[in-house]
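Subject: Structure handover

Hi,

Here is the structure I promised to pass on. Please open it alongside this email, and my notes follow below.

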Amino acid sequence: MSTGALIGIIIVVIVVVAAIVVASVELKRARLRRQFGPEYDRLAQQLGSRKKADAELTGRQRRVQALGIHELTPEQQASYSGDWTAVQERFVDTPAEAVAAANTLIWDVMRDRGYPANDRSASMDALSVHHARSLEGYRQTLELRTESASTEQLREAMIRYRALFEDLTGLHEGHGEPGRDRVAAIRDRAAGRHAAGNGTRAAETAEPVTEAPVTGESAAADRDLAVQDDEVNSESSSRSAPPRR
């Protein structure tokens with residue numbers, strides 16, 4: 001075989017190997033983008049390159065595997081389902097406190113599942129591995145000051161909290177499904193309450209709510225908010241939160 005032919009073969013082999021390597025990197029990157037969704041783009045922008053984002057997210061996957069995160073027991077799911085229903089019902093009179101309680105409940109679930117809840121940064125990174133899309137909605141609430149937020153802002157926060165809560169507990173999959181989200185109906189009931197001149201309450205009213213645009217799992221949660229007052233009254237009276245663990 002001539003030297004020229006040998007060199008040609010070597011060049012072809014190098015090109016083929018390079019193509020395989022590039023294809024492998026792109027395939028891995030595509031998997032990461034599907035898994036992490038908006039978290040991938042956010043991190044690539046923050047770190048300045050997709051290569052750095054690939055390395056960071058691959059590292060997160062390894063770290064999460066070492067945490068030993070586990071599912072909730074059916075008993076824990078049932079308890080948290082009742083807790084969430086109770087939190088939503090508090091939204092009637094104290095929406096800011098209800099939102100704060102919902103946030104606390106999410107971190108309680110994370111602690112029970114084995115997330116490093118005492119390290120907020122590590123927990124957020126761990127959440128991005130399996131709950132990236134609902135985490136994106138949760139991130140949008142991080143700057144919200146509940147004491148000065150409007151009722152609409154608090155309602156949107158509850159929608160996003162619910163998406164993450166359901167992801168973490170698995171309740172959206174039908175395993176002890178929580179009471180339907182009644183935040184919108186509850187808000188309307190609270191807004192329609194006022195004291196009549198003779199000391200009695202006027203009839204409660206419910207006005208249509210214009211939903212704020214929410215994407216991903218939050219959009220699916222938002223669609224569940226259109227419930228009737230009679231459902232709210234009947235279900236609220238028949239259910240009470242199970243005792244805390």
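What follows is a walk through what I found, from the overall fold down to single residues.

**Overall picture**

First, please keep in mind that this is a predicted model. The protein contains 11 helices and zero strands, so if you list the elements from the N terminus you just get α-α-α-α-α-α-α-α-α-α-α. Out of 245 residues, 40% count as buried. Taking the contacts with a separation of 6 or more, 68% are between residues 24 or more positions apart. The exposed area of the protein comes to about 13400 Å², with carbon and sulfur atoms supplying 54% of that.

**The nonpolar core**

In soluble globular proteins, nonpolar side chains tend to be buried together. Here, the largest nonpolar core has 39 residues, and the ones with the most contacts inside it are Ile106, Leu127, Tyr138, Phe165 and Leu168. At least two residues of this core come from each of H1, H2 (38-47), H3 (50-67), H4, H5 (95-113), H6 (120-130), H7 (132-139) and H8. H5 gives the largest share, with nine residues.

Phe165 is a good place to start clicking. Setting aside neighbours within four places in sequence, Phe165 is in contact with Tyr80, Trp84, Leu105, Ile106, Val109 and Leu171. 

**Salt bridges**

Side chains of opposite charge can pair when their charged atoms come close. A search of the whole structure turns up 13 salt bridges. Three of them are worth a look.

- Arg139 pairs with Glu39, and their closest N and O atoms are 3.2 Å apart. Arg139 sits in helix H7 and Glu39 in helix H2, so this pair ties together parts that are 100 residues apart in sequence. Both Arg139 and Glu39 are buried.
- Arg60 and Glu56 form a salt bridge at 3.1 Å, N to O. They are four residues apart in helix H3, which means that about one helical turn separates them. Arg60 counts as buried because its relative accessibility is 3%, whereas Glu56 is partly exposed, with a relative accessible area of 24%.
- Glu71 and Arg113 meet in a salt bridge at 3.5 Å, N to O. This pair links distant parts of the chain, with Glu71 in the loop between H3 and H4 and Arg113 in helix H5, 42 residues apart. Glu71 is exposed, at a relative accessible area of 54%, while Arg113 counts as buried at 5% relative accessibility.

Which residues are joined into one network by salt bridges that share partners? They are Glu39, Arg42, Glu56, Arg60, Arg63, Asp125 and Arg139. 

**Around Ala132**

Ala132 belongs to helix H7, and with 4% relative accessibility Ala132 counts as buried. Its C-alpha atom is separated by 7.4 Å from that of Pro38, although the two residues are 94 residues apart along the chain. Leaving aside neighbours within four places in sequence, Ala132 is in contact with Gln35, Phe36, Glu39 and Leu127. Glu39 is also the salt-bridge partner of Arg139.

**Two buried polar side chains**

Gln77 is in helix H4 (residues 74-90). Is Gln77 buried or exposed? Gln77 is buried, because its relative accessible area of 10% falls under the 20% cut-off. The side chain of Gln77 reaches the backbone oxygen of Thr169 at 2.7 Å.

Glu166 is in helix H8 (residues 151-169), and Glu166 is buried, with a relative accessible area of 10%. The Glu166 side chain makes a polar contact with the side chain of Arg162, at 2.8 Å.

**A patch on the surface**

Leu6, Ile10 and Ile14 make a nonpolar surface patch of about 280 Å². Ile10 is in helix H1 (residues 3-36). Ile10 is partly exposed, with a relative accessible area of 43%.

That's the tour. Happy to go through any of it when you have the file open.

Cheers

Terms used. Residues are numbered from 1 along each chain as its sequence is written. This is a predicted model: local features need pLDDT of at least 70, side-chain atom pairs count only at pLDDT 80 or more; totals for chains, interfaces and linings use all residues. Side-chain values use heavy atoms; hydrogens and water are left out. Patches are made of residues with over 30% relative accessible area and no salt bridge: like charges are joined within 9 Å, nonpolar side chains (Val, Leu, Ile, Met, Phe, Trp, Tyr) within 5 Å. Accessible areas come from the Shrake-Rupley method with a 1.4 Å probe; for residues, only the protein chains shown count as cover. A salt bridge is a side-chain nitrogen of Lys or Arg within 4 Å of a carboxyl oxygen of Asp or Glu. Buried means under 20% relative accessible area, exposed over 50%, partly exposed in between (1.4 Å probe, protein chains only). A polar contact is a pair of N or O atoms within 3.5 Å; within protein, one must be able to donate a hydrogen and the other to accept it, and residues adjacent in sequence count only if both atoms are side-chain atoms. Contact means heavy atoms within 4.5 Å. A nonpolar core is a set of buried Ala, Val, Leu, Ile, Met, Phe, Trp, Tyr and Cys residues joined through side-chain atoms within 4.5 Å.
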